[in-house]
Amino acid sequence: MPSETALRDGPDLNLSGEEGEKRWGGEDRRTRPRLRTLVLISLLGTYFCSLLLIYIEFTVIQAGEYATILLPMGLVAVGLGAVFCLGYIYISRRFISPLEEMVVRLRSAPPDVIAPNLGLDEDCAGEIGAVGQFINARSRAVRQAQTALENEIAERRRAEVQLRTSREQLRAISDTAPDAIACMDSDGTVITWNPAAEDVFGCRQDEIYGKPLADLFKDDALSTELYRANQFLNGKLSRYHGELQTVTAKRHEGGDFTASVSLTGWASPDGRFVIAFIRDVSEKRITEERIRFLAHHDPLTELPNRTLFNDRLSQAMAMARRDGGRVALMLLDLDNFKDINDTLGHGVGDRLLQTVADRLNVHKRDTDTVARLGGDEFAIVLPQFRSASDTLSYAKRIIEIVGEPMTIQGQEVQVGTSIGVALYPDDGHDIEHMVSHADMAMYQAKADGRNTFRLFAEQMNAEVKDRKEMLADMREALDNNGFQLAFQPQVQLADQSIVGSEALLRWHHNDRGQVSPSRFIPVAEQGGLIVDLGEWVVGAACDQIGLFDKMGLPPIRIAVNISSVQFRRGNLVECTKSILDRTGVSPDRLEFEITESVVMTDVDKAIKTMQELDTIGVRLSMDDFGTGYSSLSYLRQFPIQKIKIDKSFVQNIEIEENSMEIVNAIIGLSRSMNITVVAEGVETEGQLAKLKEAGCEVVQGFYFGRPMAAQDFESWMGDWHKEPALVATRA
Ligand SMILES: Nc1nc2c(ncn2[C@@H]2O[C@@H]3COP(=O)(O)O[C@H]4[C@@H](O)[C@H](n5cnc6c(=O)[nH]c(N)nc65)O[C@@H]4COP(=O)(O)O[C@H]3[C@H]2O)c(=O)[nH]1
């Protein structure tokens with residue numbers, strides 16, 4: 001049996017390599033005929049010796065009788081020859097040929113194959129078969145061992161490549177990792193330090209090697225983790241994976257930064273280690289704090305947003321429920337904010353919101369919450385208030401502070417606010433009801449003229465509902481020709497001629513009856529319907545001018561009221577142009593009545609629009625003059641041709657000295673500016689006399705004629721031309 005070493009190093013037979021080459025392929029080729037020749041010579045030798053012995057035998061036994069011994073001797077010789085021949089054949093077939101065959105196969109084996117598959121004959125009898133079996137078995141075993149060895153070598157090579165690749169990858173990962181990676185050994189000191197660690201801590205490898213990892217951190221926040229890490233390093237813990245910690249770390253050159261640190265234990269045949277992954281999260285932390293802040297605050301004003309507001313309101317209500325207290329909720333909406341935003345730009349709008357937010361914040365108590373719910377809507381939660389009257393005086397104060405003028409981007413801006421107040425538990429038991437009731441109260445404050453406050457009252461529910469229904473009814477009326485115009489004449493006192501007529505909108509609803517424009521116009525304004533409705537009025541007025549012309553009426557001018565919302569938001573100029581084009585009406589037959597408040601919100605924009613209207617030829621008059629801001633200095637800049645004295649002054653001129661003085665002042669001013677004055681609301685002869693005395697040129701009022709349907713106006717005009725004085729007293 002070959003030894004294991006022999007098997008590893010190559011078969012004993014030395015059937016390959018230089019040795020084998022020498023033995024089988026080289027000079028040993030001369031031994032090839034030797035065995036067969038040897039056997040042959042041995043047999044022949046034996047044969048001839050046997051013959052010689054027999055001859056001697058015969059000579060001794062029957063000496064001199066050569067003739068008689070020749071035959072038997074010849075027979076014996078032939079017999080022996082046959083026996084030796086047979087013996088040779090037998091030996092040759094049985095031993096020599098298989099041996100020769102074996103030698104041929106061994107020789108034909110490739111010299112570089114350690115264990116060739118020889119396929120030796122194993123069926124031969126005796127030792128030769130056994131040798132064949134043995135060699136074949138050994139060769140097989142060697143081949144198997146060789147294959148196993150080759151596999152193992154290949155496997156090891158693969159593993160080596162993998163190991164090398166993994167090491168290179170690990171190094172690349174460590175070198176390029178954005179996070180600092182430090183490894184500490186069982187002493188707790190740093191043994192690995194990647195480039196990111198150098199950047200993050202500002203500390204080179206040689207400066208940190210051998211120092212405790214704990215030195216890198218400022219506070220004890222990591223001490224629990226380091227304790228567990230040490231337990232792992234000391235073998236007291238079999239595994240260790242620390243939790244992510246946010247700690248203060250120290251920079252080498254001084255200064256701190258916020259770091260998130262995670263420690264992980266690693267056991268290897270070389271020992272136990274703890275790897276620290278460290279990330280500088282200072283910026284991330286700021287961003288996270290900002291994100292957290294923005295989740296609950298409005299980015300523009302930094303006030304609590306709706307989410308935080310809801311939270312605070314529900315907390316306040318919960319506390320009040322527990323303590324038997326009360327909570328006040330105020331909802332604020334800035335008046336005409338959208339117009340300011342549209343006309344002065346979003347930059348000014350944003351700054352205005354910030355200023356309002358600052359003012360509200362300054363005037364709140366510590367326990368109050370001021371929130372921005374969106375757009376120009378703010379809310380104030382007052383968790384502890386003494387009485388409803390206190391809250392209302394606070395609301396009044398807020399209107400004052402919000403209304404104080406502010407200068408934004410060099411422009412003076414002023415904004416009003418409407419406030420709705422709801423009280424807990426009186427007006428609602430949950431956020432939804434409190435907010436909706438405060439909202440209704442705010443809506444009421446707006447409807448009542450804006451820049452005021454209202455406390456929620458139960459009937460507001462019904463009013464809000466009614467306003468919604470009214471808006472829907474108006475939409476339907478607008479689509480189905482449900483509105484009409486009424487015409488009220490304007491009389492020139494100098495010659496009693498009719499110089500114009502004011503077109504006033506009329507709406508008759510089947511259930512509501514005749515609805516006053518003072519009621520439905522604000523609803524249309526708040527509901528956004530006024531632009532379409534106003535456009536319809538201008539169109540209907542122009543259509544009627546055409547019809548009056550066809551009827552042969554004198555070419556009077558028709559004045560229509562332009563709502564503030566329509567003036568600021570609608571594309572009034574373009575729309576007017578297209579109506580004039582469509583109807584073919586001369587622009588100077590159309591007059592727009594605009595109130596002072598409309599133009600005073602944004603004087604520059606108003607002047608621009610008025611100039612555009614003036615350019616296309618539409619006449620302009622200032623309505624309700626004296627009731628609004630009455631900025632006489634601005635009046636000179638407006639391209640207006642008429643001022644209408646508000647009926648409240650006219651109606652009091654007989655009884656109130658003050659009213660007469662105002663009327664006189666307006667008339668004097670108009671004269672100096674060469675502007676026509678119209679006094680509206682003239683009801684009595686006495687008022688008319690006073691106005692005449694003051695020098696008023698044109699009058700309008702019930703004394704002459706009420707607003708009338710178009711047909712009535714036509715017949716009224718006929719009557720007037722026949723007998724004006726009679727018509728006037730009849731009205
Ligand atoms: N007590 C009294 N009242 C007199 C007299 N003469 C006229 N009036 C009323 O005074 C109002 C004059 O219109 P306004 O001041 O522009 O006030 C108007 C105007 O602001 C608005 N309005 C009416 N029609 C329109 C419209 O088509 N568009 C817009 N935007 N507003 C309109 O509704 C307001 C009310 O309109 P009306 O109810 O038609 O009320 C009209 C008219 O009927 C009088 O001698 N005595």
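How much area does the protein chain expose, and what share of it do carbon and sulfur atoms supply? The exposed area is about 38,800 Å², and carbon and sulfur atoms supply 52% of it. Accessible areas come from the Shrake-Rupley method with a 1.4 Å probe; for residues, only the protein chains shown count as cover.

The model is predicted: local features need pLDDT of at least 70, side-chain atom pairs count only at pLDDT 80 or more, and totals for chains, interfaces and linings use all residues. Residues are numbered from 1 along each chain as its sequence is written, and side-chain values use heavy atoms, without hydrogens and water.

The protein chain holds 27 helices and 21 strands (DSSP runs, numbered from the N terminus: helices are H or I of at least four residues, strands E of at least two). Of its 731 residues, 42% are buried (under 20% relative accessible area, 1.4 Å probe, protein chains only).

The ligand has 22 residues around it (a heavy atom within 4 Å). Gln488, Arg506, Asn561, Glu683 and Phe702 come nearest. Polar side-chain atoms of two of these residues approach ligand oxygen atoms: Arg506 at 2.9 Å and Asn561 at 2.8 Å. A polar side-chain atom of Gln651 lies 3.4 Å from a ligand nitrogen atom. Taken alone, the ligand exposes 790 Å², of which the protein buries 84%.

Strand S14 (497–509), helix H16 (517–526) and strand S18 (619–625) each give two or more residues to the shell. S14 supplies the largest share, four residues.

Terms used
Buried < 20%, exposed > 50% of the residue type's maximum accessible area, 1.4 Å probe, protein only. Polar contact = N/O pair within 3.5 Å; in protein donor to acceptor, adjacent residues only side chain to side chain.
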